[in-house]
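Here are a few exercises to work through with the model open beside you. Try each task before reading its solution.

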Amino acid sequence: MAKITPNYIEMKAHDLPASKAFYSEALGLGFTDYGDGYSCDERGPTFVAIAAGDEPAVPMPIFESDNLEESLAAIQKSGAPIVAEIFEYPGGRRFECLDPSGNRIAIYENSAE
(Lines give C-alpha, C1' and ligand atoms only; values in the text may rest on other atoms or scores of the structure.)
Protein backbone atom coordinates (compact mmCIF):
# COMPACT_ATOMS: atom_id res chain seq x y z
CA MET A 1 0.00 0.00 0.00
CA ALA A 2 1.21 3.52 -0.78
CA LYS A 3 2.37 5.68 2.12
CA ILE A 4 0.21 8.79 2.32
CA THR A 5 1.19 11.68 4.57
CA PRO A 6 -0.41 15.10 4.93
CA ASN A 7 1.75 17.80 3.42
CA TYR A 8 -0.56 20.46 2.02
CA ILE A 9 -3.42 22.56 3.39
CA GLU A 10 -5.50 24.70 1.06
CA MET A 11 -8.02 27.26 2.27
CA LYS A 12 -10.40 29.63 0.50
CA ALA A 13 -10.30 33.37 1.10
CA HIS A 14 -12.86 35.98 0.06
CA ASP A 15 -10.15 38.62 0.65
CA LEU A 16 -6.86 37.06 -0.49
CA PRO A 17 -4.64 40.08 0.34
CA ALA A 18 -6.03 40.30 3.90
CA SER A 19 -5.57 36.55 4.44
CA LYS A 20 -2.00 36.65 3.13
CA ALA A 21 -1.22 39.60 5.40
CA PHE A 22 -2.70 37.80 8.42
CA TYR A 23 -0.74 34.58 7.89
CA SER A 24 2.44 36.52 7.09
CA GLU A 25 2.28 38.93 10.03
CA ALA A 26 0.73 36.70 12.72
CA LEU A 27 2.32 33.35 11.83
CA GLY A 28 5.42 34.30 9.84
CA LEU A 29 4.44 32.48 6.64
CA GLY A 30 6.00 33.56 3.35
CA PHE A 31 3.90 33.26 0.22
CA THR A 32 4.69 32.74 -3.44
CA ASP A 33 1.95 33.98 -5.75
CA TYR A 34 0.75 31.77 -8.58
CA GLY A 35 -1.45 34.14 -10.53
CA ASP A 36 -3.87 36.64 -9.00
CA GLY A 37 -5.94 34.11 -7.06
CA TYR A 38 -3.53 31.65 -5.46
CA SER A 39 -0.62 31.91 -3.00
CA CYS A 40 1.37 29.23 -1.22
CA ASP A 41 3.93 28.98 1.59
CA GLU A 42 6.12 26.09 0.40
CA ARG A 43 8.73 25.98 3.14
CA GLY A 44 7.25 22.74 4.46
CA PRO A 45 7.11 20.19 5.72
CA THR A 46 3.45 21.10 5.21
CA PHE A 47 2.60 23.63 2.52
CA VAL A 48 -0.16 26.16 3.24
CA ALA A 49 -2.04 27.60 0.27
CA ILE A 50 -4.75 30.23 0.04
CA ALA A 51 -7.04 30.35 -2.99
CA ALA A 52 -9.40 33.20 -3.81
CA GLY A 53 -13.01 32.14 -3.33
CA ASP A 54 -16.21 32.81 -1.43
CA GLU A 55 -16.59 29.56 0.47
CA PRO A 56 -14.10 28.94 3.31
CA ALA A 57 -12.78 25.41 3.48
CA VAL A 58 -14.16 23.18 6.24
CA PRO A 59 -10.89 21.55 7.44
CA MET A 60 -9.16 23.34 10.31
CA PRO A 61 -5.43 23.80 9.78
CA ILE A 62 -3.38 23.36 12.94
CA PHE A 63 -0.03 25.10 13.35
CA GLU A 64 2.63 24.09 15.89
CA SER A 65 4.28 26.78 18.03
CA ASP A 66 7.29 26.62 20.33
CA ASN A 67 5.84 29.43 22.49
CA LEU A 68 2.05 29.45 22.73
CA GLU A 69 1.78 32.70 24.68
CA GLU A 70 3.89 34.60 22.11
CA SER A 71 1.78 33.12 19.33
CA LEU A 72 -1.43 34.14 21.10
CA ALA A 73 -0.07 37.68 21.48
CA ALA A 74 0.76 37.85 17.75
CA ILE A 75 -2.73 36.65 16.82
CA GLN A 76 -4.35 39.14 19.21
CA LYS A 77 -2.19 41.95 17.78
CA SER A 78 -3.43 41.04 14.29
CA GLY A 79 -7.01 41.63 15.43
CA ALA A 80 -8.14 38.09 14.65
CA PRO A 81 -11.00 36.88 16.87
CA ILE A 82 -10.03 34.23 19.43
CA VAL A 83 -12.80 31.60 19.44
CA ALA A 84 -11.22 29.20 21.97
CA GLU A 85 -8.83 30.46 24.65
CA ILE A 86 -5.74 28.37 25.51
CA PHE A 87 -6.78 24.96 26.78
CA GLU A 88 -4.94 21.76 27.65
CA TYR A 89 -5.46 18.40 26.00
CA PRO A 90 -3.49 15.14 26.11
CA GLY A 91 -0.15 15.99 24.57
CA GLY A 92 -0.25 19.77 24.67
CA ARG A 93 -2.11 23.06 24.77
CA ARG A 94 -3.78 25.11 22.05
CA PHE A 95 -6.07 27.99 21.17
CA GLU A 96 -8.25 28.65 18.14
CA CYS A 97 -9.00 31.79 16.13
CA LEU A 98 -10.54 32.96 12.87
CA ASP A 99 -8.57 34.32 9.95
CA PRO A 100 -9.92 37.30 7.93
CA SER A 101 -11.98 34.98 5.70
CA GLY A 102 -13.61 33.13 8.60
CA ASN A 103 -11.42 30.04 8.44
CA ARG A 104 -10.99 28.54 11.91
CA ILE A 105 -7.37 27.71 12.72
CA ALA A 106 -5.64 26.30 15.79
CA ILE A 107 -2.18 27.01 17.20
CA TYR A 108 -0.76 24.34 19.53
CA GLU A 109 2.27 23.70 21.69
CA ASN A 110 3.40 20.12 22.15
CA SER A 111 3.90 19.26 25.82
CA ALA A 112 6.57 16.66 24.95
CA GLU A 113 9.02 19.34 23.84
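Axes are lines fitted to C-alpha atoms, for helices over the stretch in contact, and angles run from 0 to 180 degrees between N-to-C directions. Helices (H or I, at least four residues) and strands (E, at least two) are DSSP runs, numbered from the N terminus. What you're looking at is a predicted model, where local features need pLDDT of at least 70 and side-chain atom pairs count only at pLDDT 80 or more, while totals for chains, interfaces and linings use all residues. Residues are numbered from 1 along each chain as its sequence is written, and side-chain values use heavy atoms, with hydrogens and water left out.

**Exercise 1. The overall layout**

Work out how many helices and strands there are, and in which pattern they follow each other.

Solution. Start with the count: the protein has two helices and eight strands. Next, walk along the sequence, and you get β-α-β-β-β-β-α-β-β-β. Then check burial, where buried means under 20% relative accessible area, exposed over 50%, and partly exposed in between (1.4 Å probe, protein chains only). Of the 113 residues, 34% count as buried.

**Exercise 2. Two helices crossing**

Describe how H1 and H2 meet: at what angle, with what hand, and through which residues?

Solution. First, the geometry: the H1 and H2 axes come within 9 Å and cross at roughly 145°. Second, the hand. A crossing is left-handed if the near helix is turned anticlockwise from the far one by less than a right angle, and right-handed if clockwise; H1 and H2 cross in the right-handed way. Third, the contact (heavy atoms within 4.5 Å): H1 brings Phe22, Ala26 and Leu27, and H2 brings Ala74, Ile75 and Ser78. Finally, sort them by class. Ala, Val, Leu, Ile, Met, Phe, Trp, Tyr, Cys and Pro count as nonpolar, Asp, Glu, Lys and Arg as charged, and the others, Gly among them, as polar. That gives five nonpolar residues, one polar and no charged ones.

**Exercise 3. The sheet with S5 to S8**

Give the strand order of the sheet that holds S5, and say which strands stand at its edges.

Solution. Two strands pair if DSSP finds at least two bridges between them. On that basis, four strands make an open sheet with mixed pairing, in the order S5-S8-S7-S6. S5 (62-64) and S6 (82-89) are the edge strands with a single partner each, so one side of each has no neighbour in the sheet. From one strand to the next, the twist averages 20°.

Now zoom in on S6 and S7, which pair in the antiparallel sense over five bridges. Glu88 has Arg93 in S7 as its bridge partner, and Tyr89 stands opposite Gly92 in S7. The two strands form a hairpin with two residues between them, and Gly91 in the turn has a positive phi of about 105°.

Last, add the helix that packs on this sheet by touching S6, S7 and S8: that's H2, whose direction makes about 5° with that of S7.

**Exercise 4. The other sheet**

Do the same for the sheet that contains S1: what is its strand order?

Solution. This open sheet of four strands runs S1-S4-S3-S2, with mixed pairing. S1 and S2 (32-33) are the edge strands, each pairing on one side only. S3 (residues 38-41) pairs with S4 in the antiparallel sense over four bridges, and Tyr38 has Ala51 in S4 as its bridge partner. H1 packs on this sheet, touching S1, S2, S3 and S4, and its direction makes about 160° with that of S4.

**Exercise 5. The core**

Find which residues touch the most other members of the largest nonpolar core.

Solution. A nonpolar core is a set of buried Ala, Val, Leu, Ile, Met, Phe, Trp, Tyr and Cys residues joined through side-chain atoms within 4.5 Å. The largest one has 19 residues, and Phe22, Tyr23, Ile50, Phe63, Ile75 and Ile105 touch the most other members. Among the elements that give two or more residues are S1 (8-13), H2 (68-78) and S7 (92-98), but the largest share, four residues, comes from H1. For a closer look, take Phe63: leaving out residues up to four places away in sequence, Phe63 touches Tyr23, Leu27, Leu29, Val48, Ile105, Ala106, Ile107 and Tyr108.

**Exercise 6. Buried or exposed?**

Decide how Ser19 is classed, buried or exposed, and list its contacts.

Solution. Ser19 is in H1. Ser19 counts as buried because its relative accessibility is 0%. Beyond its neighbours within four places in sequence, Ser19 is in contact with Ala13, Ile50, Asp99, Pro100 and Ser101.
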